[in-house]
Amino acid sequence: KRRRSNDADTTASVSTSGSSQSDVDDHDDSSGNNSPHVVERLLSRIERERDEGNPVAQLTTQHYNLLIEAWCIRGGRESVIQAEGVLLNDSNNTIGGTSSTSNIMIPNPRSINMIIKAWLKIADEESMERAERLLTLAEDLGLATVRGYNLYLSAMQRKGLAERTETVLDRMRRHSVSPDVTSYCQCILAWARVGGTSSAERAQHLFQELKDNELIPDVYTYNAMLNCWNRSGVSTVALRNVRQLLDEMDALHQTGDTRSTPNLTTINTAFTVFARNEAVTFAEELFKKAEIVYGVELDTLSYNLMIKMYSDVGAAEKNIQLLNRMEKLFRMSQFGASRATPMPDAMTYVSVINSIAASKNARDRGGKAEDILHRMDKLHRNALGAKPTSEVFDAVLNTWAVSGDRTALKKAEDLFKRMEERYEGGETSLRPSLKTYNTILKVYMSQAQGNAAEALLSRLEQAFADGNNELAPDCYHGTAIPQLLLHVPKATTAARPRKP
């Protein structure tokens with residue numbers, strides 16, 4: 001009969017993403033696939049010394065755990081089956097070529113948890129079932145620990161099995177194992193994967209239960225809860241709860257408790273909620289506090305979320321200020337600045353240009369948009385910044401289309417010509433797309449260029465006939481061009497776009 005070993009189980013804290021924590025005892029040394037056989041030979045030597053009369057040569061749980069660990073590190077289904085054989089004293093499992101059944105293994109919690117972790121890493125249905133059986137074995141032997149349950153919870157949350165994670169909490173209590181912060185965090189993460197308001201409310205109940213049990217949420221648990229409300233959709237309820245969570249984190253930070261200090265994930269999740277709800281004031285306040293109060297170095301996503309929010313509310317000047325700051329920080333990084341650098345990417349420039357296009361009362365919108373494109377080009381050439389893309393060119397073309405400028409037609413066609421020439425010159429990121437041609441059509445419509453619009457459609461039809469399925473004319477052409485030709489007299493033929 002198996003009995004509980006005196007060897008202590010080793011536990012560790014949860015990882016930052018809420019995924020399963022890693023054993024501090026588990027050495028991720030996968031340098032050799034022969035390591036299990038090396039351990040087997042060493043254990044065989046101990047057996048021989050014992051048989052030859054050495055009284056101190058005894059195989060212990062620690063020795064067997066080394067063998068289990070070696071098989072688990074090796075990875076793969078067959079290796080984990082070997083590890084399980086060591087644990088279950090399988091008669092087919094041998095050490096050094098001889099039967100090891102004369103040494104009955106006395107497992108400890110770590111023995112079982114290593115194999116549970118290895119099965120959950122494979123993550124298919126059979127592996128999940130085998131991990132479940134091992135967890136039941138640990139319960140039957142009185143070896144179940146919070147570590148083992150948290151490994152299982154982590155696998156459940158990655159599959160979005162939120163209901164089942166809550167049953168695991170109940171199961172823990174039945175076996176006198178108290179859920180810890182990690183346990184609750186995994187359950188909350190599972191509800192975040194499900195999404196929706198009702199899921200956020202279920203997660204909020206678990207979050208309150210955690211605090212009622214006198215546990216202090218860490219930053220990862222707060223982030224999981226923030227993500228629940230982020231995935232609940234646009235609502236004042238989500239906005240209110242996110243603000244409350246941030247206030248709690250700030251209050252804990254002010255007391256000197258760094259476990260709950262907001263990190264980059266916190267900031268970006270909150271920015272997402274604020275942007276979706278157009279909560280500009282709250283976003284600006286958090287933007288200032290992130291670096292000054294919490295010491296968080298904002299990244300490209302942080303800036304892009306702020307820029308997208310400003311774009312949605314038509315705050316073009318604020319976007320240009322943020323872009324100025326990003327470009328300055330990026331240039332500084334090329335001279336050895338130590339801080340992390342938020343490099344402006346294509347999304348950054350598209351959002352800034354779109355905000356300019358949306359500024360209906362601004363003068364020379366098309367010119368300002370082209371200036372932003374030139375800045376991107378210059379930063380790429382001089383400091384290895386992001387490459388210009390067709391999406392950025394499309395945004396500038398669209399700005400000319402809505403600008404109302406008398407020179408818009410010529411400016412747009414000149415820009416389109418440069419785009420085609422650069423693509424043909426090898427800049428593959430500037431390949432014109434159907435959206436590009438639709439935007440050119442939009443320019444023609446704004447300038448009442450019926451002939452040019454009709455010619456554009458003919459060229460796209462020919463490109464499609466030649467096998468370019470990506471440029472198949474869509475419903476936009478089918479409605480916009482007839483409308484233009486019906487209601488606007490054919491204007492003087494403008495310069496036409498080159499054949500795709």
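Helix H3 spans residues 77–87 (helices, H or I of at least four residues, and strands, E of at least two, are DSSP runs numbered from the N terminus). Ser79, Val80, Ala83, Glu84, Gly85, Val86 and Leu87 of H3 are buried, where buried means under 20% relative accessible area, exposed over 50% and partly exposed in between (1.4 Å probe, protein chains only). These buried residues pack against three helices, namely H2 (61–74), H4 (109–122) and H5 (125–140). Just past the end of H3 sits Asn89, with a positive phi of about 55°.

All of this comes from a predicted model, in which local features need pLDDT of at least 70 and side-chain atom pairs count only at pLDDT 80 or more, while totals for chains, interfaces and linings use all residues. Residues are numbered from 1 along each chain as its sequence is written, and side-chain values use heavy atoms, with hydrogens and water left out.

How confident is the predictor? The protein chain averages a pLDDT of 85, and 84% of the residues score at least 70; pLDDT is the predictor's confidence in each residue, from 0 to 100. Residues 1–32 have a pLDDT below 50, with 79 contacts in the model beyond near neighbours in sequence (contact means heavy atoms within 4.5 Å). Residues 91–101 also have a pLDDT below 50, and that stretch has 22 contacts beyond near neighbours in sequence. Where pLDDT is low, the predicted coordinates should not be read in detail.

As for the overall make-up, the protein chain holds 22 helices and 2 strands. Of its 500 residues, 48% count as buried. Taking contacts between residues at least 6 apart in sequence, 70% join residues at least 24 apart.

Back towards H3's neighbours, Ala123 lies in the loop between H4 and H5. Ala123 counts as partly exposed, at 30% relative accessibility. Setting aside neighbours within four places in sequence, Ala123 is in contact with Met128 and Lys159. Ala123 also sits 7.5 Å from Ala155, C-alpha to C-alpha, with the two positions 32 residues apart in sequence numbering.

Further along the chain, Thr261 is found in the loop between helix H11 (236–254) and H12. Thr261 is buried, with a relative accessible area of 13%. Its contacts, leaving aside neighbours within four places in sequence, are with Val219, Met249, His253 and Tyr294.

Next comes a helix pair. The axes of H12 (residues 264–276) and H14 (residues 300–312) come within 9 Å and cross at roughly 15°; axes are lines fitted to C-alpha atoms, for helices over the stretch in contact, and angles run from 0 to 180 degrees between N-to-C directions. H12 and H14 are therefore roughly parallel to each other (angles under 35 degrees count as roughly parallel, over 145 as roughly antiparallel, 65 to 115 as roughly perpendicular and the rest as oblique). H12 passes H14 in a left-handed crossing, a crossing being left-handed if the near helix is turned anticlockwise from the far one by less than a right angle, and right-handed if clockwise. On the H12 side the contact is made by Leu264, Asn268, Phe271, Thr272, Phe274 and Ala275, and on the H14 side by Leu301, Ser302, Leu305, Met306 and Met309. These residues divide into 8 nonpolar, 3 polar and no charged (Ala, Val, Leu, Ile, Met, Phe, Trp, Tyr, Cys and Pro count as nonpolar, Asp, Glu, Lys and Arg as charged, and the others, Gly among them, as polar).

Phe287, in helix H13 (residues 280–292), is buried, with a relative accessible area of 10%. Not counting residues up to four places away in sequence, Phe287 touches Phe271, Leu298, Tyr303, Met306, Leu322 and Arg325. The C-alpha atoms of Phe287 and Leu298 are separated by 8.6 Å.

A second helix pair involves H17 (residues 365–383) and H18 (residues 390–403), whose axes come within 8 Å and cross at roughly 165°. That makes H17 roughly antiparallel to H18, and H17 passes H18 in a left-handed crossing. Residues making the contact include Leu373 and Met376 of H17, and Phe393 and Trp400 of H18. The contact residues divide into 8 nonpolar, 4 polar and 2 charged.

Finally, Ser446 is in helix H20 (residues 434–446). Ser446 is partly exposed, with a relative accessible area of 37%, and its C-alpha atom is separated by 7.3 Å from that of Val402, 44 residues apart along the chain.
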